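Colleague: Before I rely on the terms used for this structure, I should like to hear the reasoning behind them. Could you take me through it?

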Amino acid sequence: MSAQIPFFDRKKIFYGIIIAVVSLYIFKLFQMQILAHEQFDAKASGNSIKAIEQIALRGVFYDRNMKLLVENTPAYTVRITPAEYDTSWNKKIETILDLDNGFITNMLYKNRIYSKFIPLRVKRGADFSAIAWIEENSEHLSGVDYVIEMQRGYPFGAMGSHVFGYSKEISPAQLKKEEEYYQPGDLIGSIGLEKKYEKDIRGVKGYNYILVDSRRREVGKYKEGKNDIASQKGNDLVLSIDGELQKIAEEELAGRAGAVAAIEPFTGEVMVLASSPQFDLNQFSYVTPKDYLRQLMGDPLKPQFNRASMAAHPPGSTFKLLCAIAALDLGVIDPSTTLYCGGSFSFGRSFKCHGAHGSVNVITAIEKSCNVFFYQLIFKIGLDRLKEYATRFGLGKKLGIDINEETRGLIPNSAYYEKIYGKNWPRGILVSLGIGQGEVNVTPLQLANYCGLIASDGKTFVPHLVKGYLDENKKFHSYKYKEVNVGIKQEVFNIVKEGMFRVVNGAGTGTSIKISDIQIAGKTGTAQNPHGKDHALFVAFAPYENPKIAVAVLIENAGFGATWAAPIAKKIIETYVRRTMPKTAVAPDKKNVDTQLGVEPIAD
Amino acid sequence: MRISYKLNDRFDLTIFLSATLLVVIGLLAIYSSTQNTILQKGNFDKQLISWGISLFIFFFIYSIPAQTFKLAALPSYIFSILLLLVVLVIGRKIGGARSWIAFGGFSFQPAEFAKLATILFLSNFLSRAETDLDNLKDIFIALAIGMTPIALIMLEPDLGSSFVFIGILLALLFWKGISLFGLAVVLSPGIVAVASLFGPIYFVVAIIFVVVILFFFKKDIFLSGSILALNIAAGFFVDNFYNILSPHQQKRIQTFIDPNADPLGSGYNAIQAKVAIGSGGFFGKGFLHGNQTQLQFIPEQWTDFIFCVIGEEFGFIGSLFVLILFLVLFLRVLRLASFAKNEFLSLVIVGILTVFFVHFLVNVGMAIGILPVIGIPLPFVSYGGSSLLINMTMLGIIMNIHRSRKEST
């Protein structure tokens with residue numbers, strides 16, 4: 001064919017291309033590094049564009065009545081830029097900022113792997129006097145500056161330490177996983193709602209482009225800030241928590257170890273989730289002072305432990321409601337079935353009741369909290385069928401509430417006992433299970449949810465702390481939660497609720513909290529505690545005809561449920577009903593109860 | 001000096017020392033650019049270890065019989081095509097392209113290996129006695145061998161590596177002795193494609209250019225017609241191909257066409273890279289003293305923008321030294337191409353030279369602002385274990401061919 005190029009020339013062409021390209025590059029480098037060096041040098045040491053991150057404002061928390069629970073308040077943050085800092089100032093700065101001795105040395109050492117030009121936060125929420133001192137000495141304090149950053153504030157007065165949670169500076173391990181968004185020194189939700197809703201409330205970081213010189217000193221805005229990207233505030237959360245009730249619960253629990261959980265029946269909205277003792281969120285966030293941490297760790301009551309959703313104790317007599325529901329639903333008893341209580345029950349050994357109740361039906365058994373009735377009932381139900389009902393009512397399983405701090409608790413089944421004792425496990429174990437003692441373990445949150453399910457005839461939504469969020473235009477968007485339906489016959493609920501009504505309004509174990517114009521239905525419980533005094537329990541819902549609140553109260557090592565737990569539930573219910581349903585509260589007692597006067601209320 | 005002569009006779013010290021010096025300079029630049037970072041602090045140590053392993057492999061490849069390369073051509077090509085398919089499914093996405101395969105703690109880019117495999121297989125095909133590049137059928141077979149890995153790499157999509165393969169294909173066809181007409185057939189669709197990227201007017205001008213060339217060669221009407229159709233198709237294909245590209249690559253192409261389009265995104269890197277090199281001056285700012293480098297104004301300085309570290313901290317003297325090392329390496333390797341004992345090995349040398357050269361061309365051109373920002377490492381210098389390993393392997397092949405040049409076939 002045509003126009004062949006001889007081999008020799010082809011090699012020459014290769015030589016030509018290589019030499020031409022390298023020469024071109026050398027020429028270009030000569031031009032850049034020698035001829036135009038001054039201009040580039042001026043650009044490098046004079047002006048360079050640097051993107052400065054603008055931290056977004058975290059979303060705030062409102063309660064169900066749009067009262068502000070968690071807000072952002074401006075505070076001074078003191079920072080040190082390691083590359084410019086003179087460490088001989090350590091002692092002085094530590095004193096002024098009230099930091100632990102050696103804090104700065106330690107901080108510089110921990111951050112030695114990061115760029116020495118990124119400022120490190122030494123103290124958030126510094127006093128004004130400290131800022132004044134830094135301002136006065138700014139000439140000598142190179143590499144020390146301060147900025148105004150937002151801190152969390154709790155204006156309502158409800159502490160909510162376990163629910164709200166706190167943010168901490170991101171750890172290197174977390175940073176590795178989430179490096180596309182976070183930078184060293186950024187805050188990230190650590191527990192509670194601050195952690196669970198981190199992605200919703202953190203907002204979107206912005207960037208300001210500024211001109212800096214080679215020592216990163218700011219010399220002006222790049223293009224007058226035309227290219228800046230404003231940060232976007234995070235979404236504000238609207239909680240289902242009722243600030244006032246939460247505050248009351250916290251005050252009532254003060255000085256004790258215990259928990260209160262309150263849920264709105266039918267909706268699953270958690271109105272109260274209080275755990276005591278609490279800890280100070282203001283102290284705990286960001287960098288916890290060593291002394292405070294030592295104090296918390298040393299406290300035998302473990303203040304950081306969220307008792308409301310993590311403390312699993314035997315439910316005591318509050319469990320009898322579940323046994324009654326299971327037995328009625330399975331048809332092993334009917335409302336007219338009576339069992340005889342002579343004051344004790346023999347099964348290998350003697351199991352006691354608190355009184356001889358004679359022949360009792362299920363309603364009276366609940367009202368009087370008759371142990372012998374339920375000792376017999378559990379044999380009729382069977383352990384595995386009981387567990388199945390417990391699971392339907394959310395006992396002994398994670399409910400999926402929107403904080404991570406939740407435990408499962410335990411409802412044993414026959415497989416469980418077989419594992420421990422072998423095939424022929426002693427059936428005597430069952431006796432005490434019937435009255436909620438022994439290996440059954442449930443959390444106060446599970447009890448409130450269970451009581452709420454009884455109140456709402458078995459229909460609700462997965463319990464949750466957040467109703468929805470407000471977008472930037474303050475428009476409300478609700479979160480969707482899974483529906484729950486336990487699928488039990490309506491008559492069963494009517495019977496059990498009747499029993500619960502009589503506990504408070506009849507001749508039952510909870511008559512001490514009876515209020516003439518608010519109909520409360522409840523059940524007392526006392527969980528035997530092999531390590532000390534019994535735990536007091538109480539579950540209740542109100543109003544009886546139109547349930548709006550279900551409460552569970554746990555007071556550890558207190559004694560009888562009726563004495564210690566019930567009054568707290570009463571106070572919460574009364575406050576809530578009087579505030580939200582003033583008409584219902586004054587309505588006359590519609591229900592007639594054949595009050596058996598003369599019978600002393602018995603604590604079970 | 002007889003001993004030294006004998007050594008140089010079997011072992012081309014010039015080539016080996018140039019590459020070694022480049023690795024050492026690379027290590028210095030990697031250390032300088034990562035010592036202040038969080039996540040890349042270990043890169044210097046990793047690169048040092050990779051170099052140690054690469055040297056073992058280099059000496060192994062250097063010592064094996066030269067016939068091995070011909071035998072390995074077909075299996076390694078098939079294997080590399082399979083790897084390129086696998087990476088599309090299980091590959092890890094880094095920087096917008098699904099181009100990495102990871103197993104255990106080790107990860108590599110199949111495209112790196114495919115470069116060598118394609119060189120071996122294409123050289124094998126071109127060096128057959130019956131291959132005739134005046135025959136369009138053989139040109140198309142050669143194109144198919146070269147375009148298969150390109151197509152797969154475009155799907156990742158990894159623009160930088162695709163350029164290297166285009167370079168290999170053109171260089172080998174040219175070295176084998178393709179006619180000017182054949183070259184026009186191979187090149188014109190590419191020219192039309194690039195032209196159409198700039199807009200419809202450029203596309204029309206390029207098509208007219210093709211028509212003029214076809215008229216000049218006076219081939220029969222059927223052949224000319226199909227070549228014209230191929231060119232038009234290439235122009236339209238580019239529009240679709242542009243959409244396959246990842247957003248960051250689209251942005252980079254836009255930035256190249258109009259550098260002011262995005263001064264803070266892709267353009268920012270290009271500007272900062274030039275500032276770093278330009279501010280280095282004649283002697284440079286000194287090791288560990290480049291403020292652009294130390295303040296991390298330029299991303300990925302230990303890989304794609306490593307030349308900026310050299311330019312800023314070692315100045316014109318340092319950059320010139322690196323360019324001269326590359327020049328020596330290229331010219332010395334090209335000289336060997338005519339000493340190889342058969343055509344296959346000669347083609348292999350040219351193929352490897354092309355890989356080194358295109359990497360150099362694109363990487364340095366990008367750093368000094370002559371070419372658009374395309375992520376591709378600088379051979380022997382940039383951080384990257386699998387890249388260093390394959391480069392040292394290819395160096396081993398060159399030195400092997402030099403060693404065995406006087407052996408009988």
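Modeller: The discussion below sets several values against the cut-offs behind the words.

Colleague: What kind of model is this?

Modeller: It is a predicted model. Chain A comes to 24 helices and 23 strands, and 42% of its 604 residues count as buried. Chain B comes to 16 helices and three strands, with buried residues making up 47% of its 409 residues.

Colleague: Why does B:Leu48 count as partly exposed?

Modeller: A residue is buried if 20 or more other C-beta atoms lie within 10 Å of its own, and exposed if 12 or fewer do. B:Leu48 has 13 C-beta neighbours inside 10 Å, so it counts as partly exposed. Its place is in helix H3 (residues 43-63) of chain B. The C-alpha atom of B:Leu48 is 9.2 Å from that of B:Gly385, although their positions lie 337 residues apart along the chain.

Colleague: Which word applies to A:Phe266, buried or partly exposed?

Modeller: A:Phe266 has 17 C-beta neighbours inside 10 Å and therefore counts as partly exposed; the cut-off for buried is 20 or more. A:Phe266 lies in the loop between S11 and S12 of chain A. Its phi is positive, about 75 degrees, although the residue is not a glycine.

Colleague: What makes a positive phi worth noting?

Modeller: Most residues other than glycine have a negative phi. A second case is B:Phe380, with a positive phi of about 70 degrees, in the loop between helix H15 (343-367) and helix H16 (385-403) of chain B. With 27 C-beta neighbours inside 10 Å, B:Phe380 counts as buried, since the cut-off is 20 or more.

Colleague: What makes strand S22 of chain A mostly covered?

Modeller: Eight of the eight residues in S22(A), residues 535-542, are buried. In a regular strand the side chains alternate between the two faces of the sheet. On one side of S22(A) are A:His535, A:Leu537, A:Val539 and A:Phe541, and on the other A:Ala536, A:Phe538, A:Ala540 and A:Ala542; all are buried, and both faces are thus covered.

Colleague: How do you know that S22(A) is paired with strand S21 of chain A?

Modeller: Two strands pair if DSSP finds at least two bridges between them. Seven bridges join S21(A), residues 521-527, to S22(A), and the two run antiparallel; the requirement of at least two bridges is therefore met. Within this pairing, A:Thr526 stands opposite A:Ala536. S22(A) also pairs in the antiparallel sense with strand S23 (residues 549-555) of chain A, over seven bridges, and there the bridge partner of A:Phe541 is A:Ala550. S22(A) and S23(A) form a hairpin with six residues between them. A:Pro543 is found in the loop between these two strands, and a cis peptide bond with omega of about -15 degrees joins it to A:Ala542.

Colleague: Why is the sheet called open, and which strands stand at its edges?

Modeller: Five strands of chain A form the open sheet in the order S12-S11-S23-S22-S21, with antiparallel pairing. S12 (269-276) and S21 of chain A stand at the edges; each has a single partner strand, so one side of each is left without a neighbour in the sheet. The twist averages 10 degrees from one strand to the next. Seven bridges join S11(A), residues 258-264, to S12(A), where A:Val260 stands opposite A:Ala274. Helix H23 (residues 566-580) of chain A packs on this sheet, touching S11, S12, S21, S22 and S23 of chain A.

Colleague: Why are helices H8 and H9 of chain B called roughly antiparallel?

Modeller: The axes of H8(B), residues 180-198, and H9(B), residues 200-217, cross at roughly 165 degrees and come within 8 Å. That makes H8(B) roughly antiparallel to H9(B), because angles over 145 degrees count as such. The crossing is right-handed.

Colleague: What is the character of the residues in the contact of H8(B) with H9(B)?

Modeller: Among the residues that meet are B:Phe181, B:Ile191 and B:Phe198 in H8(B), and B:Tyr202, B:Val210 and B:Phe217 in H9(B). The residues of this contact divide into 14 nonpolar, two polar and no charged.

Methods:
Residues numbered from 1 in each chain as written. Chains lettered and ligands numbered in written order. Predicted model: local features only at pLDDT ≥ 70, side-chain atom pairs only at ≥ 80, totals over all residues. Helix = DSSP H or I, 4+ residues; strand = E, 2+ residues; numbered from the N terminus. Axes fitted to C-alpha atoms, helices over the stretch in contact; angles between N-to-C directions. Contact = placed C-beta atoms within 7 Å. Parallel < 35°, antiparallel > 145°, perpendicular 65-115°, else oblique. Left-handed = near helix turned anticlockwise from the far one by under 90°. Nonpolar A, V, L, I, M, F, W, Y, C, P; charged D, E, K, R; others polar.
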